[in-house]
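Grab a coffee and open the viewer. Below are a few short exercises, each followed by a worked solution.

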Amino acid sequence: MTFNSASLAFASPTQVCLELSSTDLDRAWEQSQAFSTTARRWNAYLNRLCLNAVLPWLQQEYDRHARVFPHLAALPSFWEVVNGVAIAHLSPPQTRIALPGPRLILIPSEAIDCTEIQVPQEWVDIPSWIGDYYLAVQVNPDDGWVKIWAYCTHSQLKQKANYDRHSRCYCLKEEDAIADLNVLWVARQVCPDEPTRVSIPPLPNLSLERANALIQRLSSPNILLPRLEIPFPTWGALLEHSGYRQRLYQQRLGLNEQWSVVDWLQNRISQIAQELGWQKIQMQPSLAQARGEAETPQPILSKELVIAGQAYELRVIPKADISQGIWRFELSSNKIGDRIPGGFKLRLLTEDLQPFEDNEDIAETAVDLLYIEVALEPGEGIVWEIEPHPENCDREILRF
């Protein structure tokens, strides 16, 4: 890919134009096949072209730490139901200009007439999804280019945009958006603390029974636009729970359970779990003895995490035989001799994010290990959380 703002004669000098090679087009198409319908594959294709062009440009020009939020492996579960992709950065970059705010939202469109920015409501009214800046990106696969033609803030969308109840989009007219992307970078340098968001009310809690019923109903690929099938507060609450969002995506594709810990240990870890960092390892006899367990090596699950710039490891360990349903979750440093700092928390929640007795271990001071042991019924789901939140992580429902 080449970065050439002059490649399009009709483009404004303030707009960013990025060329797409035939290789870029082929790669994006190959990455956009695992979806339920032709329309969803096309949506994913446009988003891939947008992401594959804009993210390297951001990394090259402004912030080498720029990354997909929450992570690349989660994107299919977003694009199955909504248009757009979020970009964040891990830490203040040591570059000449910092990437603005914690989050950009790229909104790709193949529309020829760029008269308004149309942002799906999910990116505006789901509290954990909202961005600071929304970049309108025109995508032209036929001619091989993408163009960032305008941007706006979250507060502009809430205060100036028209809300279309039929499409559930916030529509901001071209004259109310900002065409010169340089204004964004200058504003961040001159007024880095200027508010870009407005407060959003929390979405309702969904019971497990309600969530299961909704996923079952919306999982049919015959429902082309599940985002328009139920009231937005309910839909937003379903998507904000990333474990539910992943289940909806998998069931719309007709996939079997992808998050079975028992199956991972007895057979192989699913592809999506591998992409999210899970691996199967053998517990060393010395570690097993230290925990009072059998000396025979046993398979356990391990996931490497980065928290506050340091490497840690989360382990899921069956106590004795898997059939007994006793499981141990452990968090430790990945560096020999390092300890977990005071204030860290390891927490387990039910599938619908409810606490239970003895579900949390807190490091009051520096410790070697945080752990929780829990008894689970066959098929029961559990969600793990860590504070501070690990980088590049999304909520998961582990099935036991």
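**Exercises on a predicted model**

In S6, Val137 is the bridge partner of Pro108. Keep in mind that you're looking at a predicted model.

**Exercise 1. Work out how the strands around that bridge pair, and which strands stand at the edges of the sheet.**

Step 1: Start with the pairing. Strand S4 (residues 103–109) and strand S6 (residues 133–140) run parallel and are joined by six bridges.

Step 2: Zoom out to the sheet. It's an open one of six strands, in the order S1-S7-S6-S4-S3-S2, and the pairing is mixed.

Step 3: Check the ends of that order. Strand S1 (16–19) and strand S2 (66–69) each have a single partner strand, so one side of each lacks a neighbour in the sheet. From one strand to the next, the twist averages 30°.

**Exercise 2. Find which strands helix H2 touches, then decide whether Asn47 is buried or exposed.**

Step 1: Place the helix. H2 (residues 38–61) packs on the sheet and touches S1, S2, strand S3 (85–89), S4, S6 and strand S7 (145–153). Its direction makes about 140° with that of S4.

Step 2: Place the residue. Asn47 sits in helix H2.

Step 3: Apply the cut-off. Buried means under 20% relative accessible area, and Asn47 has 0%, so it counts as buried.

Step 4: See what's around it. Beyond neighbours within four places in sequence, Asn47 is in contact with Trp79, Asn83, Gly84, Val85 and Pro108. That's the Pro108 whose bridge partner is Val137.

**Exercise 3. Explain why strand S17 is described as largely enclosed, and find its partners.**

Step 1: Look at burial. Six of the seven residues of S17 (residues 381–387) are buried, so the rest of the structure largely encloses this strand.

Step 2: Take one partner. Strand S14 (residues 345–350) pairs with S17 in the antiparallel sense over six bridges, and Arg347 stands opposite Glu385 in S17.

Step 3: Take another. Strand S18 (residues 398–399) pairs with S17 over two bridges, also antiparallel. Here Ile382 has Leu398 in S18 as its bridge partner.

**Exercise 4. Locate Leu224, and say which residues form a nonpolar surface patch with it.**

Step 1: Find the loop. Leu224 lies between helix H7 (208–218) and helix H8 (232–240).

Step 2: Check exposure. Its relative accessible area is 53%, so Leu224 is exposed.

Step 3: Name the patch. Leu224, Leu225 and Leu228 form it, and together they have about 250 Å² of accessible area.

Key. Residues numbered from 1 in each chain as written. Predicted model: local features only at pLDDT ≥ 70, side-chain atom pairs only at ≥ 80, totals over all residues. Heavy atoms only, no water. Pairing = 2+ DSSP bridges. Helix = DSSP H or I, 4+ residues; strand = E, 2+ residues; numbered from the N terminus. Axes fitted to C-alpha atoms, helices over the stretch in contact; angles between N-to-C directions. Contact = heavy atoms within 4.5 Å. Patch = residues over 30% accessible without salt bridge, like charges linked within 9 Å, V, L, I, M, F, W, Y side chains within 5 Å. Areas by Shrake-Rupley, 256 points an atom, 1.4 Å probe, with all protein chains shown as cover. Salt bridge = Lys/Arg side-chain N within 4 Å of Asp/Glu carboxyl O. Buried < 20%, exposed > 50% of the residue type's maximum accessible area, 1.4 Å probe, protein only.
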